[in-house]
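The following exercises concern strand order, helix packing and the contact between two chains. Please work through each task with the model open before reading its solution.

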Amino acid sequence: MSQTITIRKGLDIRMKGEAERIISDTQRSSSFAIQPPNFIGTTPKLLVKEGEKVKAGTVLFFDKYRESIKYVSPVSGTIKEIVRGAKRRIMAVIITPDSEIEYEQQQIGDVQNMNRQEVKQMMLDSGLWPFLKMRPIDIVANPEVSPKSIFISSFDSHPLAPDYDFILHGKDAEFNAGIEVLKKLTDGYIHLQVRTSSDEVFMNAKSVKLNIVKGPHPAGNVGVQMHHIDPINKGECIWYINPQDLLIVGRYALTGKYDATKTIAVTGENVKNRKYFKTIIGSQISSLINKNDISDNSRIISGNSLTGEKVEENGYLNYYDSQISVLPEGDQYRFFLKDGWLSAGFSKFSASRAYPTWLMPKSKEYAIDTNLNGEERAFVVSGQYEKVFPFDIYPVHLIKSILINDIESMENLGIYEVAPEDFALCEFVCTSKINVQEIIRDGLDIIYDECM
Amino acid sequence: MKFLRKIFDNAHKKINSSEKTKKFFPLIDSMDTLLFTPNHITKKGAHIRDGIDLKRTMMLVIIALIPCLLFGIYNTGYQHYSVLGELGTVSFLDIILTGALVVLPLVVVSYGAGLFVEFIFCIRNGHAIQEGFLVSGMLIPLIMPADVPLWMVAMATIFAVIIGKEVFGGTGMNILNVALTARAFLFFAYPTKMSGNKVWITGYEDMNVDGSSGATALGDLASTVDLATNDPVAQGVATKLSDGGSFDLMNSFLGFIPGSIGETSALMCLLGGALLLWTGIASWRVMVSFFAGGFLMAFVLNKMGGNVYFDLPAIHQLMLGGFMFGMVFMATDPVTAAQTNTGKYIYGFLAGFLGILIRMVNPAYPEGVMLAILIANVFAPLIDHMVISSNIKRRLKRLKTA
């Protein structure tokens, strides 16, 4: 049965800087990068050297501890540089693209005729596997097991997030082809979560269980959806995939080519020309944003302002991101009465009723910068996280059990169900400015090392 | 404000210039962050953060305390002149001045002693001073009787900050409410100065007035517990508490009765409580369940009756003895209260219930509310543990049926 779930706890952060719904082409990026740190828990072993020629779909590296998982090049060209960091850790594989993309062409039979093992092998060898991520732990899925279900969230509720209804409109063929592939991977359901009225590409999707989700962010997080529809117990796993990444899988099933084209939203109040741009995974930021369009003293983020990562202008889009956010850096002192901690605060956005945000009209958009708005303190206020955390889990107690490395408590309190992005709102509203997402990530790493 | 900014930037530079003075940065930092929200930007995790911070939270509590403080100043003077019989002749300014001369030194001593200890710990541990004492420093004078010696307040504050807070790790780590720890220290160490008939009205010791006992309402009521209801002394107390008497419901509600400086006026406490609830700073769960617990106990004992104390209507009982002040400002302290939402109901109810029970059944402890909140503070982790255990059991059950 399809379900309708209403998320009551959460917060829609009403930021300025939404992108206009116009899709533009961009200049082809002059440089691409696949960055192993984007794949948490993966230790890369290189199969290419600097100077080597690759096609789109050629394997660049594989996971040292899960050798069947391959990571491929998004474009054809020459390996320009292998960037290494501390302890010779591989930070990025940089590729200079050819003017025309050449694909590794594969002969694909009809997916309907393949069995589970053949489909898995196809995805692993072609570099499609990293699009599948798993809960618990929120890393690339483990091909040795089968999940109890697969989840797809058709909408992203993060601040200024791209509108997948707009991006995927009309792409029914590829979307459904992707679903056909996913069907082979699990005995359970493929759950597709939509809003009350989403685009027909989602509403008419075949072979899925359509679930309607209402409510504020984090309603779009797969973790929240899983918790309400098919909660994970210790020993189980669920896989999930982003809708645009599913298009890439579907494209491969239909054509045999690894075509990593994506549509990215450029958002944030500190950038002009806020539109959607067609590009390829791993593009350089400068190909999507003109240097002159960025205001002074800005922070460029690959991803959204809650879970994204800061990048430089000559940096690269992270593998899983469909959004760039450009925010003003808040590195000024504020006088306490004028716009500091004791001001009337009409221009500040706050989830707390101590600021007048809750009295203002819901349509008002706020200019939010990267100021910490306080200093880091111990946990003082209680009940704050619970207001934006729609899980039957006690967030502060889970965080504390991670801080003291108490694995049994972590398991008992629900670590298997959560990922750092589910705690991003808790981190946002925290009075004590605690870096919650980092703590959760550490906890998940401990569990992965010790229990899985 | 640029000139202010320059002053602080120069001060920071000077203090960081030599190794010896570097560790004194908390002194500059505390003033700096009081006047300016710092320029720190997010380095990890979410790039944007809510505008709320601990300073604003604490400052709202202090603002909520201001009605109690101002009324307390007035009432201290009022009680003094009331006993002298001079209320008709003395001016408003005289009343305020008398009250201020008692209360303001207490505030100064409390903040001075507490911040002194906090700074020592900050400099020793190398971190900035934290905002916890902003509120405790204001609470401590408000729960002291008018004539408490200043050196006692200083000692109690130092004890409370060191033993009640710093040894546990500072702000956010304490088990017991800091202000109540200070009060409890004095209550047990110097009981004659904290209870009885002579300390509540300022200057009472030097007055030679007949016809007044100097006791608080609870002090008078406590003396009736062993007396029959129709005993003349008991009847005298009953008259004071009935309509028109000096301790009647209206006076108890408005606060024109002797008691600790800030806790006499239920009205002022409710005003502060309204602000705290409106801004979401204090937990309504704790306040409501605290009131419910206290009311239930008072109601039950009222039904039992048997003497003038128990015959007092429940609602009047709750206006006396710091119950309202404890409900709004002490029990709601987020660090020491239960931290789960379900736990807050249990915690609040327990504290209110025990508060009334302790003071009515044991007349030697009119401080029932203070002790009850401290007990509830100790029980809070256990209450949370029980609530979380049921959450864990639910999860394990789901695992078994999966």
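Two strands count as paired if DSSP finds at least two bridges between them; helices (H or I, at least four residues) and strands (E, at least two) are DSSP runs, numbered from the N terminus. The model is a predicted one, in which local features need pLDDT of at least 70 and side-chain atom pairs count only at pLDDT 80 or more, while totals for chains, interfaces and linings use all residues. Residues are numbered from 1 along each chain as its sequence is written, chains are lettered from A and ligands numbered from 1 in the order in which they are written, and side-chain values use heavy atoms, with hydrogens and water left out.

**Exercise 1. The sheet of 7 strands**

Task: Determine in which sense S13 and S14 of chain A pair, and place them in their sheet.

Solution. Step one: strand S13 (residues 190-194) and strand S14 (residues 209-214) of chain A are joined by 4 bridges in the parallel sense. Within this pair, A:Val194 has A:Ile212 as its bridge partner.

Step two: the open sheet that holds these strands has the order S1-S14-S13-S12-S15-S10-S11 in chain A, and its pairing is mixed. Strand S1 (4-6) and strand S11 (139-140) are its edges, each pairing on one side only.

Step three: helix H3 (residues 172-183) of chain A lies across strand S12 (150-153) and S13, at about 145 degrees to S13(A). Such angles run from 0 to 180 degrees between N-to-C directions, and axes are lines fitted to C-alpha atoms, for helices over the stretch in contact; contact means heavy atoms within 4.5 Å. Helix H5 (residues 222-229) of chain A also packs on the sheet, and its direction makes about 125 degrees with that of S12(A).

Step four: two cis peptide bonds remain to be placed. One joins A:His217 and A:Pro218, with omega about 10 degrees, and A:Pro218 is in the loop between S14 and H5 of chain A. Another runs from A:Arg135 to A:Pro136, with omega near 5 degrees; A:Pro136 is in the loop between S10 and S11 of chain A.

**Exercise 2. The sheet of 6 strands**

Task: State which strands are at the edges of the open sheet of 6 strands in chain A.

Solution. Step one: the strand order is S2-S17-S16-S20-S18-S19, with mixed pairing. Step two: the edges are strand S2 (23-25) and S19 of chain A. From one strand to the next, the twist averages 35 degrees.

Step three: S16(A) pairs with strand S20 (residues 323-328) of chain A in the parallel sense over 3 bridges. A:Val266 stands opposite A:Ile324 there.

**Exercise 3. The contact between the chains**

Task: Describe how much area chain A and chain B bury between them, and which residues of chain A supply the most.

Solution. Step one: the buried area (the accessible area, 1.4 Å probe, that two parts lose on being put together, summed over both) is about 6,000 Å², 55% of it on carbon and sulfur atoms. A:Tyr333, A:Trp341 and A:Arg377 supply 15% of the area that chain A buries against chain B, more than any other three residues.

Step two: the contact takes 76 residues from chain A and 64 residues from chain B.

Step three: 7 salt bridges (a side-chain nitrogen of Lys or Arg within 4 Å of a carboxyl oxygen of Asp or Glu) cross the interface. One of them links B:Glu131 with A:Arg377 at 2.7 Å, N to O.

Step four: S21(A) and strand S1 (residues 36-37) of chain B pair in the antiparallel sense over 2 bridges, and A:Arg334 has B:Thr37 as its bridge partner.
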